[in-house]
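Biologist: Before I plan anything around this model, I would like a close look at a single part, the aromatic residues and their surroundings. Please set that part in its context and give me one connected answer.

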Amino acid sequence: MKTPQTLFLAWQDPNSRSCFTIGRLTFDGVKYKSVYTQGVKDAQQTCSFSPL
């Protein structure tokens, strides 16, 4: 079994320029899986981020 490939998704607030890791996309060789990370809650509380 191969190790899944992972891509992290970041979002930058246009006003404060703060960056947050908001998601993770993995590929196991057959299927993709996308999940939000704790960074979404941080971005919502700090910068009024709306999930995509």
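Modeller: Let me begin with the whole chain, which exposes about 4,300 Å², with carbon and sulfur atoms supplying 53% of that area (accessible areas come from the Shrake-Rupley method with a 1.4 Å probe, and for residues only the protein chains shown count as cover). This is a predicted model, in which local features need pLDDT of at least 70 and side-chain atom pairs count only at pLDDT 80 or more, whereas totals for chains, interfaces and linings use all residues. Residues are numbered from 1 along each chain as its sequence is written, and side-chain values use heavy atoms, with hydrogens and water left out.

The secondary structure consists of one helix and three strands, and from the N terminus on the elements follow one another as β-β-β-α (helices are DSSP runs of H or I with at least four residues, strands are runs of E with at least two, and both are numbered from the N terminus). The chain has a radius of gyration of 13 Å, well over the 10 Å that the globule rule gives for 52 residues, so it is more spread out than a compact globule (the radius is taken over C-alpha atoms, and the rule is 2.2 Å times the number of residues to the power 0.38). Along its principal axes, the C-alpha trace spans about 40 × 15 × 15 Å. Of the 52 residues, 21% are buried (buried means under 20% relative accessible area, exposed over 50%, and partly exposed in between, with a 1.4 Å probe and protein chains only).

The framework for the aromatic residues is an open sheet of three strands in the order S1-S2-S3, with antiparallel pairing (two strands pair if DSSP finds at least two bridges between them). S1 and strand S3 (32-36) are the edge strands, each pairing on one side only. On average, neighbouring strands of this sheet are turned by 25° against each other, direction ignored. H1 packs on the sheet and touches S1, S2 and S3, and its direction makes about 155° with that of S2. Here, contact means heavy atoms within 4.5 Å, axes are lines fitted to C-alpha atoms, for helices over the stretch in contact, and angles run from 0 to 180 degrees between N-to-C directions.

S1 and strand S2 (residues 19-27) run antiparallel and are joined by eight bridges. Among the residue pairs that these two strands bring together, Ala10 has Thr21 in S2 as its bridge partner, and Gln12 has Cys19 in S2.

Now to the rings themselves. By the rule applied here, the count comes to three aromatic pairs (rings of Phe, Tyr and Trp, the latter by its six-membered ring, pair if their centres lie within 6.5 Å, with planes under 30 degrees apart counted as stacked, over 60 as edge-to-face and the rest as tilted). Trp11 and Phe49 form a tilted pair, at 4.7 Å centre to centre and with 55° between the planes. This pair links distant parts of the chain, since Trp11 belongs to strand S1 (residues 5-12) while Phe49 lies in the segment after helix H1 (39-47), 38 residues apart. Trp11, Phe20 and Phe49 together form one aromatic cluster. Phe49 counts as buried, at 7% relative accessibility, whereas Ser48 is exposed with a relative accessible area of 66%. Ser48 is likewise found in the segment after H1, and its phi is near 60°, a positive value in a residue other than glycine.

The turn between the first two strands also belongs in this picture. Their hairpin has six residues between the strands, and within it Arg17 takes a positive phi near 70°. Ser18, in the loop between S1 and S2, counts as partly exposed at 28% relative accessibility. Not counting residues up to four places away in sequence, Ser18 touches Trp11, Gln12, Asp13 and Cys47, a list that includes Trp11 of the aromatic cluster.

For contrast, the C-alpha atoms of Ser18 and Lys31 are separated by 32 Å, although the two residues are 13 apart along the chain. Lys31 is in contact with Thr26, which also contacts Gln5, Thr6, Tyr32 and Lys33, leaving aside its neighbours within four places in sequence. Thr26 lies in strand S2 and counts as buried, at 18% relative accessibility.
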